[in-house]
Amino acid sequence: LTGSFGMTMPTLAERDAELLSKEWAALQAALVPPARVALAALVAEQAAELVERFYAELEKDADAREFLSQDLIRDRLSGALQRWLLALFPAETVPDFDEMARVQCHAGAVHARIGLPLKLVTRGLRLMTEGLIHAIVAQEDLRQSRRAMLRVAASTLSIAIDIMNSATVGESRRSEQNAGAFRLFTLGKNL
């Protein structure tokens, strides 16, 4: 994959992609269309609040504050995170695995380039999952499909973050290898 500025984007290893693709398909098949529509509506209704809570919690963390400013959160990050959530839970169709994986790999590469600690990403996963679980459980009219919705919501977020974190780690390793090769090259030039 090639991203902005012609940079090669990390991709999933073939084995991982195959396993996760099968898991994704089975997971998405567990949700009947009316439940998918209800889950998508719930995510759309809760997205702004989930994102607001997410950034409010991260702002309490000294490690996160070095990456975040109020302007950045307001102008770019809040909207991007809401769009990310909505894309994971569309109402009309099963989300496409390849497209979802491409987006997660891109996000992971960005996280690696800026040095975002994985603990912040996993905290985000935990906050989003807790928020969605609470919202689903609170819906009395969804009693019949609640179990499937809970499973799909939690596992969808988990698979997305798994791919994102794999891309972050892979991109970090590539960057370290490139930096090491450059150091060796410059050392050889100086001899």
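Glu 18 comes out as partly exposed in this predicted model, its relative accessible area being 45%. Its salt-bridge partner is Lys 22, with N and O sitting 3.5 Å apart. Lys 22 is on the exposed side of the cut-off, at a relative accessible area of 55%. The pairing fits the helix: both residues belong to helix 1 (residues 14–29), and because they are four residues apart there, about one helical turn separates them.

A similar spacing turns up further along, in helix 4 (residues 70–88), where Asp 71 and Arg 74 are three residues apart, again about one turn of the helix. Their side chains also meet in a salt bridge, this time with an N to O distance of 2.9 Å. As for solvent, Asp 71 is partly exposed, with 44% relative accessible area, while Arg 74 reaches 55% and counts as exposed.

Then there is the pair formed by Glu 57 and Lys 60, whose closest N and O atoms are 3.0 Å apart in a salt bridge. Glu 57 is partly exposed, at a relative accessible area of 30%. Lys 60, on the other hand, is exposed, with 60% relative accessibility. Glu 57 falls within the residue range of helix 2, which runs over residues 33–58.

Not every salt bridge is a simple pair, though. Asp 61, Asp 63, Lys 119 and Arg 123 are tied together in a network of these contacts. Overall, the salt-bridge count comes to nine.

How far can the model be trusted, region by region? Across the chain, the mean pLDDT is 83, and 84% of the residues reach 70 or more. Helix 2, home to Glu 57, has the highest confidence, at a mean of 93. At the other end of the scale sits helix 7 (residues 146–190), where confidence is lowest, with a mean of 75. Residues 1–9 are a separate matter: pLDDT stays under 50 throughout this stretch. The model still gives these residues 15 contacts beyond four places in sequence. Those contacts come with the low pLDDT of the stretch itself, whereas the side-chain pairs described above count only at pLDDT 80 or more.

Definitions and conventions: Residues are numbered from 1 along each chain as its sequence is written. Side-chain values use heavy atoms; hydrogens and water are left out. pLDDT is the predictor's confidence in each residue, from 0 to 100. Helices (H or I, at least four residues) and strands (E, at least two) are DSSP runs, numbered from the N terminus. Contact means heavy atoms within 4.5 Å. A salt bridge is a side-chain nitrogen of Lys or Arg within 4 Å of a carboxyl oxygen of Asp or Glu. Buried means under 20% relative accessible area, exposed over 50%, partly exposed in between (1.4 Å probe, protein chains only).
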